[in-house]
Amino acid sequence: MIFIVDLLLMLIDLTYSIVAAVIQTFLRPRLKSIDGELCLITGAGGALGRLFALEFAKEGAPLVLWDCNQAANEQTAKLAREHGVQVHTYTMDLSRRQSIYETADRVRAEVGDVSIVVNNAGVVAGRRLLDCPDELLERTLLVNCHALFWMTKAFLPQMKAKNHGHIVTIASALGLFSTACVEDYCASKFGAVGFNESLTHELLAEGLDGIKTTLVCPYIVDTGMFAGCEIRKELRSIIPPLDPLYTVQQSMKAILAEQQMICIPRLMYIPFLTRALLPWEANVATYRFMGGDKCMLPFIKNIEQKSSNGHVKSS
C-alpha cells in the first residue's frame, strides 16, 4: 500500500514538474537578488570569466577573482570596480589541490564566507591523444574536473552551515555528447556534468534546499579556445560559435532563476536526447553528416602550428 501511495505521489510530482517547466519556457522567470552576496569566480582573467565578473558586479555582488594570470585578473578587477563593488584578486593554480585549499583559507580570513562559487576556469590540450604529452592531459582533468571537488570541499561547509549558497558549474555541450580528437576535454566535461548532478542529488537528499546548483552547457563559444573548429559549412550559419556576452547573459538568467541546468543554445538539447535514444550507428551517421567527426582537426592543426612556432599560450 505504501508503495502504491509513493508511486502516485511520484507521478503527481512528475506531472507538476513537466507542466511547470513548460510554463517557465514561455513566462519570464522570477530572478533572485544577489546584492551583497560574495561571489567567487575561477578563471576570471579569461574572456568568459571577465564577462561573468562584470555581470555579477552589475547585480551588486562583491567579487573574489581567481586566476593564474595576475595581469589579466587585475584587469578584470579594474573593470568590475567601475560598477561600485568590492573586488579581491588572488593569483593561484587550479591544477594544484593545495593551492585551492590555501587560497580558500586566505579568502575566508581576509574577505569572508563565499556564498556563490562559479567554476568557470577551463583548459584543453588541443592535441591528438597519442601525440599529447601526459602532463597536458593531466592538466585538463585537474583544472576542468578535479578542481570541482576541491573547490566544493573548500566552500560547501560554510554554505551547509547556513543552508544558503549557489554552486555554478560551467561545463560544455561536450559534457553531454562527444566528438573526436578531444578526449581530454570531453572526459573532463563529462566528469563535470556527473559531479554537478550527483552533488545536486546529495544536497536534496540532505534537505539543504537553500543551496542551489546550476549546470551550464554551452556550444563552442567564440573566445579563441577552439579556434579553427568547424562543422559542415552548410550548417555553420545555423549553429555558429556562440557570442561570449550572449553566453554569459543566458547563463546569468539561469543562475538568477535558480535553474538547475541550461544548454546554450536550446538546440543543444536535441543531440543530448538523441545520444540517449538513438542507436550508436544512428548517432555516428548524424555526426558524419554534420561534420562533427572531423570538426576538431583544423583546431588541432592550428595548435600544432602555434606550438612549432613557439606561440602557444596557456588558456
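## A tour from serine 115 through the parallel sheet

Select serine 115 and glutamate 37 together: their side chains make a polar contact with each other, at 2.6 Å. The model on display is a predicted one, and every value in this tour should be read with that in mind.

Staying with serine 115, note that this residue is found in the loop between α4 (97–110) and β4 (116–119). Is serine 115 buried or exposed? With a relative accessible area of 9%, serine 115 is buried, because the cut-off for that class is under 20% relative accessible area. To display its surroundings, leave aside the neighbours within four places in sequence and select Glu37, Leu38, Met159, His164, Gly165 and His166, with which serine 115 is in contact.

**Strand β1**

Move next to strand β1, residues 39–42, where Cys39 and Ile41 point one way while Leu40 and Thr42 point the other way, and where all of these residues are buried. In a regular strand, side chains alternate between the two faces of the sheet. Follow the chain onward from β1 and it crosses through helix α2 (residues 47–58) to β2, in a β-α-β crossover that is right-handed.

Cysteine 39 is a convenient residue on which to centre the view, as its bridge partner in β2 is leucine 63, while its bridge partner in β4 is isoleucine 116. Between β1 and β2, which run parallel, there are 4 bridges, and 3 bridges join β1 to β4, again in parallel.

**The whole sheet**

Now colour the strands and look at them together. In what order do the 7 strands of the open sheet stand? The order is β3-β2-β1-β4-β5-β6-β7, and the pairing is parallel. The edges are held by β3 (87–91) and β7 (261–264), each of which has a single partner strand, so one side of each is left without a neighbour in the sheet. From one strand to the next, the twist averages 15 degrees.

**Toward the β3 edge**

Select strand β2 (residues 63–67) together with β3: the two run parallel and are joined by 5 bridges. Two residue pairs can be picked out along them, with leucine 65 standing opposite threonine 89 in β3, and with aspartate 67 having threonine 91 as its bridge partner in β3. The chain passes from β2 through α3 to β3, and this β-α-β crossover is right-handed. Add helix α3 (residues 70–81) to the selection, and you will find that α3 lies across β2 and β3, running at about 175 degrees to β3.

**The loop between β5 and α6**

Go next to the loop between β5 (165–170) and α6 (183–205), where cysteine 181 has its place. Although cysteine 181 is not a glycine, its phi is positive, at about 75 degrees. Cysteine 181 counts as buried, at 12% relative accessibility.

Glycine 175 lies in the loop between β5 and α6 as well, and glycine 175 is buried, with a relative accessible area of 4%. Which residues does glycine 175 touch, not counting those up to four places away in sequence? They are Lys189, Phe190 and Val193. For a longer span, draw a C-alpha to C-alpha distance from glycine 175 to aspartate 222, which are 47 residues apart in sequence and 18 Å apart in space.

**Around β7**

At the other edge of the sheet, begin in the loop between α7 (244–256) and β7, where glutamate 258 is found. Glutamate 258 has a positive phi of about 55 degrees although it is not a glycine, and at 36% relative accessibility this residue counts as partly exposed.

Then select isoleucine 264 and proline 265, which are joined by a cis peptide bond with an omega of about -10 degrees. Proline 265 is found in the loop between β7 and α8 (269–277).

**The N-terminal segment**

The last stop is residues 1–17, which UniProt, in an unreviewed entry, lists as "signal peptide"; such annotations may be inferred rather than shown by experiment. In the model, the chain over residues 1–17 is 94% helix and 0% strand, and the C-alpha atoms at its ends are 24 Å apart.

Definitions and conventions: Residues numbered from 1 in each chain as written. Predicted model: local features only at pLDDT ≥ 70, side-chain atom pairs only at ≥ 80, totals over all residues. Heavy atoms only, no water. Pairing = 2+ DSSP bridges. Axes fitted to C-alpha atoms, helices over the stretch in contact; angles between N-to-C directions. Contact = heavy atoms within 4.5 Å. Right-handed = clockwise from strand over helix to strand, strands pointing away. Buried < 20%, exposed > 50% of the residue type's maximum accessible area, 1.4 Å probe, protein only. Polar contact = N/O pair within 3.5 Å; in protein donor to acceptor, adjacent residues only side chain to side chain.
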